[in-house]
Amino acid sequence: MTRKERHPLGLYPEAGETGEIDLASVPLTPLEVASYVESMTLELKAMARAAKLDTLCYFLDMARMEAVAQVERLEQKASGRRRSTDLSL
């Protein structure tokens, strides 16, 4: 790969020996990944809809809904952790 791929958070990881960028090796939290998947599936769904790829549109929407559910779950978990920390002070 000759050009650098843009990382979801704006970082530019270095290419490995093969020239490929391994985004999986960049440390991201589950919340960051779920949020990124949510936004990307929304964009991909719009492209699929414009191309009248109805089945693909359906599956992308299902993936987006799962990502939204994960974001909400992770945010609640983080919020609960903050509350319990605040109460222990």
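Is F59 buried or exposed? I looked up F59 before anything else, and with a relative accessible area of 51% F59 is exposed, where exposed stands for over 50% relative accessible area, buried for under 20% and partly exposed for the range in between (1.4 Å probe, protein chains only).

**Ground rules.** I note that this is a predicted model, in which local features need pLDDT of at least 70 and side-chain atom pairs count only at pLDDT 80 or more, while totals for chains, interfaces and linings use all residues. Residues are numbered from 1 along each chain as its sequence is written, and side-chain values use heavy atoms, with hydrogens and water left out.

**Aromatic rings.** I searched the whole structure for aromatic pairs and found one. The ring centres of Y58 and F59 are 5.2 Å apart and the planes stand at 70 degrees, so I record the pair as edge-to-face. For the rule, rings of Phe, Tyr and Trp (its six-membered ring) pair if their centres lie within 6.5 Å, and planes under 30 degrees apart count as stacked, over 60 as edge-to-face and the rest as tilted. Y58 has its place in helix α2; here helices (H or I, at least four residues) and strands (E, at least two) are DSSP runs, numbered from the N terminus. I also looked up the accessibility of Y58, which is partly exposed at a relative accessible area of 49%.

**Surface patches.** Y58 and F59 turned up again in a nonpolar patch on the surface, which they form with M62 and M65, and the four have about 420 Å² of accessible area together. Patches are made of residues with over 30% relative accessible area and no salt bridge, like charges being joined within 9 Å and nonpolar side chains (Val, Leu, Ile, Met, Phe, Trp, Tyr) within 5 Å. The areas come from the Shrake-Rupley method with a 1.4 Å probe, and for residues only the protein chains shown count as cover. I then looked up charge, and found that R73, K77, R81 and R82 form a positive surface patch. In this count Lys and Arg are positive and Asp and Glu negative, with His and the chain ends not counted, and the place of a charge is taken as NZ of Lys, CZ of Arg, CG of Asp or CD of Glu. R82, a member of the positive patch, lies in helix α2, which covers residues 54-88, and R82 counts as exposed at 52% relative accessibility.

**Salt bridges.** How many salt bridges does the rule give? The count comes to two, a salt bridge being a side-chain nitrogen of Lys or Arg within 4 Å of a carboxyl oxygen of Asp or Glu. In one of them the side chains of K45 and D61 meet at 3.2 Å, N to O. That pair links distant parts of the chain, since K45 is in helix α1 (residues 30-50) and D61 in helix α2, 16 residues apart. I checked the accessibility of both partners: K45 is buried, with a relative accessible area of 13%, and D61 counts as buried at 18% relative accessibility. D61 also forms a salt bridge with R64, where the closest N and O atoms are 3.1 Å apart. D61 and R64 are three residues apart in helix α2, and therefore about one helical turn separates them. I enter K45, D61 and R64 as linked in a network of salt bridges.

**Helix α1 against distant sequence.** A34 is found in helix α1 and is buried, with a relative accessible area of 9%; from C-alpha to C-alpha, A34 and L74 are 9.0 Å apart in space, although 40 residues apart in sequence. E43, also placed in helix α1, counts as partly exposed at 48% relative accessibility, and its C-alpha is 9.4 Å from that of L60, with their positions 17 residues apart in sequence. Q70 has its place in helix α2 and counts as partly exposed at 25% relative accessibility; the C-alpha atoms of Q70 and L31 are separated by 7.7 Å, with the two residues 39 apart along the chain.

**Backbone in the loop.** Where does K52 lie? K52 is found in the loop between α1 and α2, and I noted a positive phi of about 60 degrees there, although K52 is not a glycine. K52 is exposed, with a relative accessible area of 68%.
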